[in-house]
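User: I'd like a close look at one part of this structure, the helix that does the most for the shell around the first ligand. Could you walk me through that helix and then through what surrounds the bound molecules?

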Amino acid sequence: MSQTELKQTESITLIGAGLVGSLMSIYLGQRGYKVDVYDKLPDIRKTSIPAGRSINLALANRGIRALQQVGIMDKAQKLLIPMTGRLIHDIEGNLNLQPYGQKPDEVIHSVPRAGLVSLLRDEAEATGNVTFHFQQKLVGLDPEAQTFTLKDEVTDNESEHNYQVLLSADGAGSRTRRALEKLGIKGFSSELLEHSYKELSIPPGDVHKYQIEKNALHIWPRGGYMVIALPNLDGSFTVTLFMPNKGPISFSEIDTNDKVIDFFKEKFPDLVDLLPELTEDYFTNPTGVLGTVRAKNWSHKNILLFGDAAHAVVPFHGQGMNCGFEDCSEMNRLLNKHSDDWSKTIEEFADIRRDNANAIADMALENYVEMRDSVRDPKFKLKKAIAFKLEQQYPTQFIPRYSMVTFHHIPYAEVFQRGKVQADILTELTKDKHTIEEIDWSHATELVQKHLAPISKEFLN
Ligand SMILES: Cc1cc2nc3c(=O)[nH]c(=O)nc-3n(C[C@H](O)[C@H](O)[C@H](O)COP(=O)(O)OP(=O)(O)OC[C@H]3O[C@@H](n4cnc5c(N)ncnc54)[C@H](O)[C@@H]3O)c2cc1C
Ligand SMILES: NC(=O)C1=CN([C@@H]2O[C@H](COP(=O)(O)OP(=O)(O)OC[C@H]3O[C@@H](n4cnc5c(N)ncnc54)[C@H](OP(=O)(O)O)[C@@H]3O)[C@@H](O)[C@H]2O)C=CC1
Ligand SMILES: Nc1ccccc1C(=O)C[C@H](N)C(=O)O
């Protein structure tokens with residue numbers, strides 16, 4: 001059988017029509033595979049259901065590249081609002097913009113989850129090869145017999161199906177992952193953070209006006225907890241409170257209308273008047289869990305976990321979806337490399353993505369401390385200014401870690417390693433120093449040349 005014939009007859013089973021599963025189905029549909037995608041929820045294009053884990057998300061270059069590869073970036077563009085930096089709100093209401101990058105296109109973009117997933121599903125169907133089956137929940141898996149069991153969420157009927165290759169992007173609580181665990185496959189860990197989140201909302205002002213700066217990611221950093229806000233296309237902002245589960249300032253302690261109002265008035269005085277539905281949102285919207293999933297084995301026979309199912313990360317770097325989109329792009333690259341040999345693709349994919357996923361998981365945890373606390377520290381700001389200056393001087397050697405993660409395609413594991421070296425350099429340069437004028441630039445040159453080899457050009461944007 002020729003390669004083309006093989007592809008025409010070969011079918012792929014995909015579990016999970018979230019952001020990552022839907023994008024992967026486009027890649028596969030475009031390659032000529034017949035793809036069946038199953039999701040336990042109704043289709044958000046037809047039924048009004050909660051958008052999922054957050055109303056909007058930050059899209060960055062790793063995600064953008066994947067959207068470009070499948071040819072839908074022009075359409076996605078209409079959904080995006082550029083955010084040029086962090087706009088920090090201190091407790092007195094003073095504002096301080098900390099730009100994300102230093103080139104005009106070094107921005108991240110706020111995108112509505114429901115809009116993006118709807119676009120991805122439309123485009124998948126437009127390939128003519130992808131069929132979505134909604135309200136079909138994976139409830140059983142038999143890798144020996146190559147069968148899986150679905151439960152129809154409307155009728156409760158169960159049905160068994162065969163698969164050739166089963167790709168699973170069924171999210172952080174992955175049923176596929178749990179099924180593999182039950183079969184004795186070891187090496188999965190799922191660590192919940194002791195902090196959770198709550199979504200609130202700033203409505204649009206008169207005639208779709210943004211009540212606070214539109215083109216920024218707003219942060220109210222308060223040390224042990226924080227609030228952030230990302231803009232929506234209708235002029236509203238989705239506001240998220242991240243806070244410990246227990247303790248003096250926590251979800252378990254702040255549990256009455258009065259306590260919520262007092263807390264916001266005291267800690268977020270410039271925000272409270274922008275939240276007309278504060279207490280209603282606080283007590284109606286769910287408190288979302290956050291955590292990190294790590295997996296030693298992403299695959300078993302011809303079953304492969306990807307997206308959050310393999311590597312859920314805390315959201316603080318805004319990289320979970322971006323990393324999942326990069327998974328899709330990498331899987332596609334490997335299918336090209338291995339001429340659609342799935343065993344080789346699955347094996348190499350799991351191998352190269354594992355360390356990268358672990359690295360972004362660690363950096364995401366670190367970014368929580370940076371966002372809720374370090375952004376207020378003068379030393380942090382000084383280091384950031386030096387990092388930008390060094391990037392201008394050594395653009396292939398010293399790139400601030402945030403930029404390496406967000407604007408380039410350097411493997412996350414390499415970013416993590418280089419980031420540690422750069423952090424040491426910045427610490428040494430700023431020892432006993434308070435202003436950029438005091439920095440010894442010839443020492444900086446020595447350190448960069450000694451410790452940082454140039455980054456391979458293929459990874460730079
Ligand atoms: C508060 C918050 C903010 C975030 N912000 C960002 C951000 O700014 N930028 C970013 O890049 N990432 C962000 N993320 C991470 C991002 O949400 C995830 O990485 C992304 O949703 C992962 O996509 P996925 O398709 O792998 O999983 P999901 O989006 O969780 O989709 C999984 C799909 O599988 C379906 N499913 C689950 N179980 C079954 C089953 N048994 N059978 C059939 N179907 C099933 C679900 O219904 C769902 O449709 C954020 C996460 C949170 C919690
Ligand atoms: N949100 C995150 O970042 C992380 C979540 N997790 C785990 O994932 C679960 C779901 O979280 P989330 O996706 O945000 O919530 P959702 O509301 O999106 O998903 C809830 C679904 O998760 C499944 N689930 C229930 N208990 C567990 C469990 N102990 N481990 C894994 N999955 C479970 C259930 O599916 P079913 O009906 O199929 O049993 C439930 O319907 C959490 O309980 C948590 O254990 C872990 C790390 C990170
Ligand atoms: N989307 C998010 C959701 C939750 C928490 C943070 C983000 C971010 O995107 C943070 C951004 N990358 C930052 O570092 O300022």
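Analyst: The helix you're after is α11, which gives the most to the shell around ligand 1, with 4 residues. Bear in mind that this is a predicted model.

Let's stay with ligand 1 for a moment. There are 33 residues around ligand 1, and the ones that come nearest are Gly-16, Gly-18, Gly-171, Gly-307 and Gly-320. Besides α11 (320-337), the elements that give two or more residues to this shell are α2 (19-31), β3 and β9 (136-142). Sorted by class, the shell around ligand 1 comes out as 13 nonpolar, 13 polar and 7 charged residues.

Now for how α11 sits against other helices. Take α2 to begin with: α2 and α11 pack with their axes 9 Å apart, at an angle of about 20°. That angle is under 35 degrees, so α2 and α11 count as roughly parallel to each other. Their crossing is right-handed.

The other partner is α3 (residues 61-69). Its axis and that of α11 come within 7 Å and cross at roughly 45°. The pair α3 and α11 is therefore oblique. Here the crossing is left-handed.

What about ligand 2? It has 13 residues around it, and Ala-172, Gly-173, Ser-190, Gly-291 and Ala-312 come nearest. Two or more residues of that shell come from each of α6 (175-182), β13 (188-192) and β18 (291-295). By class, you get 6 nonpolar, 4 polar and 3 charged residues around ligand 2.

Ligand 3 brings β3 back in. Both β3 (56-59) and α12 (342-372) supply at least two residues each to the shell around ligand 3. The residues surrounding ligand 3 include Leu-57, Ala-58, Arg-86, Asn-367 and Met-371. Also among them are Pro-315, Phe-316, His-317 and Gly-318. This shell has 7 nonpolar, 3 polar and 1 charged residues.

Since α12 has come up, here's a bit on its shape. There is a kink of about 30° in α12, centred on Arg-353. As for its length, the 31 residues of α12 should span 45 Å at 1.5 Å a residue, and the end C-alpha atoms are 43 Å apart, so the two values agree.

To pull it together, α11 packs against α2 roughly parallel and against α3 obliquely, while giving 4 residues to the shell around ligand 1.

Methods. Residues are numbered from 1 along each chain as its sequence is written. Chains are lettered from A and ligands numbered from 1 in the order in which they are written. This is a predicted model: local features need pLDDT of at least 70, side-chain atom pairs count only at pLDDT 80 or more; totals for chains, interfaces and linings use all residues. A residue is near a molecule or strand if its C-beta atom, placed from the backbone, lies within 6 Å of it. Ala, Val, Leu, Ile, Met, Phe, Trp, Tyr, Cys and Pro count as nonpolar, Asp, Glu, Lys and Arg as charged, and the others, Gly among them, as polar. The expected span of a helix is 1.5 Å times one less than its number of residues. The bend at a residue is the angle between axes fitted to the seven residues ending there and the seven starting there. Axes are lines fitted to C-alpha atoms, for helices over the stretch in contact, and angles run from 0 to 180 degrees between N-to-C directions. Angles under 35 degrees count as roughly parallel, over 145 as roughly antiparallel, 65 to 115 as roughly perpendicular and the rest as oblique. A crossing is left-handed if the near helix is turned anticlockwise from the far one by less than a right angle, and right-handed if clockwise.
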